[in-house]
Amino acid sequence: MTPSKWVRIWDERYPDVPLTLLPATAAEAPELLRAGDADAGFVRLPVDRTVFSAIPLYTETTVVVVPKDHIVAAVDEVTVEDLADEVVFHPLDDVLGWERPPGQPAFERPATTADAVELVAAGVGLLVVPQSLARLHHRKDLTYRTLVDAPQSSIALSWPQDATTDPVEDFIGVVRGRTVNSTRGRTPPQPSATTEKEQSKRKRPEGGGSPRRQSGTGQGRHGGSGGGRGAQPGRGAKGTKGARRGKPRRRS
């Protein structure tokens, strides 16, 4: 498959996190994930659901690969019955999962799909594969046509169940088309106690309101006890000097 669209979105959204692509065959991909050599991968279903999580993405069109001068190349699509008299190769790495392909069996099974393509180019038979494999092994002297009633292969994004990390969740979001502001699958950060206190302080008016008067001892504003700029002994209210005690004198 060609994941270029998702790679581009990843690079735009997470420029500081490199995304490395590892090419692998259908058989190799699950083993890379199982061994921890890849975080997630595009695999062909089915997968071992006791080990892997998987999100089905799409089902591929099945095609028959033929030489360009073959009679099949003259039409847009064919059926399994149309291949009844043709030799059809069944490579050992077949991903369609059928016990026996249509047509006549070859003398032996090619080891790989690439080997089978070489035999098709030699004009000794045909090959039925998912469309992506036909594109992968494209040759100028070969073409392919849709096989309408053949088994199909489905593609899924898969990763080990016990390794669902934040970067894997981010990549799932990219593949599933989530927006950059989506928090699905991720827990948003919770404000700390310190942050909550700071927010509470911001709500109070500057100066903290009117100051409260201190009651009790005769301490000045700077904490002095009758000295410095605190309350001065010998002065009454409004600055009057030394009020005398006792009865007032009667004037004659």
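These are my notebook entries on a predicted model of one protein chain.

**Entry 1. Overview**

I began with the whole chain. I counted six helices and nine strands in its secondary structure. The chain has 252 residues, and 30% of them are buried. I then looked at contacts with a sequence separation of 6 or more. Of these, 63% join residues 24 or more positions apart.

**Entry 2. Helix α5**

I turned to α5, residues 166–176. How many of its residues are buried? I found eight of 11, so I noted the helix as mostly covered, with buried meaning under 20% relative accessible area. The buried ones are V168, E169, D170, F171, I172, G173, V174 and V175. Two of these names, E169 and D170, belong to the charged class.

Next I asked what the buried residues of α5 pack against. I listed α1, β1 (41–44), β2 and β9 (154–160). I also checked the end of the helix. Just after α5, G177 has a positive phi of about 85 degrees.

**Entry 3. α1 against α5**

I took the helix partner from that list, α1, which covers residues 4–13. The two axes come within 9 Å and cross at roughly 125 degrees. Parallel, antiparallel, perpendicular or oblique? The angle lies above the 65 to 115 range for roughly perpendicular and is not over 145, so I logged α1 and α5 as oblique to each other. The crossing is right-handed.

I then listed the residues that make the contact. From α1 they are W6, I9, W10 and R13. From α5 they are P167, D170, F171, V174 and V175. By class, I have seven nonpolar, no polar and two charged residues here. D170, F171, V174 and V175 also appear among the buried residues of α5. The spacing of the contact residues brought a general point to mind. An α-helix has 3.6 residues a turn, so residues three or four places apart point the same way.

**Entry 4. The largest nonpolar core**

I looked up the largest nonpolar core, which has 13 residues. Which members touch the most others? They are V64, V66, V72, L83, V128 and L147. Strands β3 (62–67) and β7 (126–130) each supply at least two residues of the core. As background, nonpolar side chains in soluble globular proteins tend to be buried together.

I followed V72 further. Beyond four places in sequence, V72 touches V64, V66, V78, L83 and R145. I noted R145 as a charged residue in that list.

**Entry 5. P46 and P56**

I checked the peptide bond between L45 and P46. It is cis, with omega at about 5 degrees. P46 sits in the loop between β1 and β2.

From there I moved to P56, in strand β2 (residues 52–59). Buried or exposed? The relative accessibility of P56 is 53%, so I recorded P56 as exposed, the cut-off being over 50%. Leaving out residues up to four places away in sequence, P56 touches L45, I155 and A156. L45 is also the residue on the other side of the cis bond from P46. P56 and R44 are 12 residues apart along the chain, and their C-alpha atoms are separated by 9.2 Å.

**Entry 6. A122**

My last stop was A122, in the loop between α3 (113–121) and β7. A122 has a relative accessible area of 55%, so I recorded A122 as exposed too. I paired A122 with P67. They are 55 residues apart in sequence, yet 8.6 Å apart in space, C-alpha to C-alpha.

Methods
Residues numbered from 1 in each chain as written. Predicted model: local features only at pLDDT ≥ 70, side-chain atom pairs only at ≥ 80, totals over all residues. Heavy atoms only, no water. Helix = DSSP H or I, 4+ residues; strand = E, 2+ residues; numbered from the N terminus. Buried < 20%, exposed > 50% of the residue type's maximum accessible area, 1.4 Å probe, protein only. Contact = heavy atoms within 4.5 Å. Core = buried A, V, L, I, M, F, W, Y, C linked by side-chain atoms within 4.5 Å. Axes fitted to C-alpha atoms, helices over the stretch in contact; angles between N-to-C directions. Parallel < 35°, antiparallel > 145°, perpendicular 65-115°, else oblique. Left-handed = near helix turned anticlockwise from the far one by under 90°.
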